[in-house]
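This report covers a single protein chain. It moves from overall burial to individual helices, charged pairs, loops and a surface patch.

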Amino acid sequence: MADIAETIATPKPAPTPKIKWEAVTDHAILIAGALFMLLPVLATFTTSSHDPVTIHREGLQLAIGDQMGTNFDKALFEKGGFTDNVNGITMLMNSFILGIGFAVGKIVIGMMAAYAIVYFRLRFATFAFWIIFTTLLLPLEVRILPSYEVIQSMGLTNTYTGLILPLIASATATFFFRQFFRSVPEELVEAARIDGAGPVKFFIDILIPLSRTMIAALFIIMFVFGWNQYLWPTLITTDENLFTLVRGIRQIIQVYSDGNSIPEYGQAMALAIIAMLPPVLIVVFFQNWFVKGLTESDK
C-alpha cells in the first residue's frame, strides 16, 4: 500500500516539447532574408566612415573608419554644389516639403474623389472610377513630357508648386478610400441625414474621423513615394536651392572640378543614410496604423 501511495504521489515528468522544424525553417528563412536586405545598408553606413581616397581605391568598406563624424558634418552643414549655396539641411527640408506635400495632396484629392463616387448619385460614377483606376497603367515616365510642357507653360518650374501639384492625383488613394467609404453602414448615413447634416458636414464630422487609420496608412505610403522622387524633381528644377536629398546624393558623386579630383564618396554615403532615416522611422513608429488602416478597408 505504501508503494502504491508513493507511486501516486510522485508527479510524472513533463513531456519533452517537440521541436517544430517547420517553424524553425520559416524563421531561419525570414532572418536570412532580413540580413540579406540589411547588408547594403550596413555597407553604406560603414563606408560612410572612410575618406574618399580609400573608398575610391578599395571600394565598399565593412569596417568602421575614423571619418564618420567628419563626413556626416560635411553632408549636413557644408555648402557645396555648383553654386556653393546649398547644404544637406536645405535638401532635407526640400525632401520633407515634397514628401508631406505629396501625401497631403494625394489624400485630399483621393478622399474627395471617392466621396463623390460613393455618396453622390452620379450617372457615370462607376465608369468614372474605372477611368481613374486605369491611370495606374500610366506611370510618371509615360506622361512626364506633357506634364513638363504644362508646368513650363504655366511658369511653375523651379517652384514647390511645380514639384507637387502635377503628381498629387492618385488612383491608389481613390481606390482605398472608395473601398472604405463603401464599408460605412448605410444607417449612419441615414441618421446623419435625419439630424440635418449636409454633405459637407457629413464629410468633415463623420467620414474624416472614421477614416483616421486609413489616412495614416496612405500618408505613410504617399510620403515615402514623394520622399523618393528623383526623375520629376530632376526634370522640373535647375535651382540648387530646391534640390532634394535623393538628387543631392547624385550631385555629390558626379561633381568633378578637374580631371584629378575624387568625388566625396563618404559624404554621399552619409547623405544616403540620412535620406533613409525619415521614411524608416515613419514606417516603424506608425506600422500599427499602417496595417490597421489597410485591413479595415476590407470590412
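Of the chain's 299 residues, 35% count as buried. Buried is defined as under 20% relative accessible area and exposed as over 50%, with partly exposed in between (1.4 Å probe, protein chains only). The model is predicted: local features need pLDDT of at least 70, side-chain atom pairs count only at pLDDT 80 or more, and totals for chains, interfaces and linings use all residues. Residues are numbered from 1 along each chain as its sequence is written, and side-chain values use heavy atoms, with hydrogens and water left out.

**Overall composition**

The chain has 16 helices and zero strands. Helices (H or I, at least four residues) and strands (E, at least two) are DSSP runs, numbered from the N terminus. About 18,500 Å² of the chain is exposed, and 67% of that area is supplied by carbon and sulfur atoms. Accessible areas come from the Shrake-Rupley method with a 1.4 Å probe; for residues, only the protein chains shown count as cover. Among contacts in the chain with a separation of 6 or more, 72% are between residues 24 or more positions apart. A contact here means heavy atoms within 4.5 Å.

**Helix 9**

Helix 9 spans residues 171–182 and has 12 residues. From its first C-alpha to its last it reaches 16 Å, close to the 16 Å expected at 1.5 Å a residue. The expected span is 1.5 Å times one less than the number of residues. Buried residues in helix 9 are Ala171, Ala173, Thr174, Phe176, Phe177, Arg178, Phe180 and Phe181. The N-terminal end of helix 9 is capped by serine 170, which places a side-chain oxygen 3.4 Å from the backbone nitrogen of threonine 172. For polar contacts the limit is 3.5 Å between N or O atoms; within protein, one must be able to donate a hydrogen and the other to accept it, and residues adjacent in sequence count only if both atoms are side-chain atoms.

**Salt bridges**

Side chains of opposite charge can pair when their charged atoms come close. How many salt bridges does a search of the whole structure find? There are three, each defined as a side-chain nitrogen of Lys or Arg within 4 Å of a carboxyl oxygen of Asp or Glu.

| Acidic residue | Basic residue | N to O distance |
|---|---|---|
| Glutamate 58 | Arginine 57 | 3.9 Å |
| Glutamate 190 | Arginine 193 | 3.0 Å |
| Aspartate 205 | Lysine 201 | 2.8 Å |

Glutamate 190 and arginine 193 both lie in helix 10 (residues 186–194), three residues apart, or about one turn of the helix. Aspartate 205 and lysine 201 both belong to helix 11 (residues 199–210) and are four residues apart, again about one turn. An α-helix has 3.6 residues a turn, so residues three or four places apart point the same way.

Arginine 57 counts as exposed because its relative accessibility is 56%, while glutamate 58 is partly exposed at 49%. In helix 10, glutamate 190 is partly exposed at 36%, as is arginine 193 at 49%. In helix 11, aspartate 205 counts as partly exposed at 41%, and lysine 201 does so at 48%.

**Individual positions**

Serine 48 sits in the loop between helix 2 (21–47) and helix 3 (52–58). Is serine 48 buried or exposed? Serine 48 counts as buried because its relative accessibility is 0%. Beyond its neighbours within four places in sequence, serine 48 is in contact with Gln67, Met68, Asn71, Phe72, Gly266, Met269 and Ala270. Serine 48 is also 8.5 Å from isoleucine 273, C-alpha to C-alpha, although the two are 225 residues apart in sequence.

Threonine 54 is in helix 3 and is buried, with a relative accessible area of 14%. Not counting residues up to four places away in sequence, threonine 54 touches Gly59 and Gln61.

Asparagine 158 lies in the loop between helix 7 (140–153) and helix 8 (160–164). The phi of asparagine 158 is near 60°, a positive value in a residue other than glycine. Most residues other than glycine have a negative phi, and most peptide bonds are trans. Asparagine 158 counts as partly exposed, at 29% relative accessibility.

**Nonpolar patch**

Leu277, Val280, Leu281, Val284, Phe285, Phe286 and Trp289 make a nonpolar surface patch of about 710 Å². Patches are made of residues with over 30% relative accessible area and no salt bridge: like charges are joined within 9 Å, nonpolar side chains (Val, Leu, Ile, Met, Phe, Trp, Tyr) within 5 Å. Helix 15 (residues 265–285) contributes the largest share of the patch, five residues. Leucine 281 lies in helix 15 and counts as partly exposed, at 43% relative accessibility.
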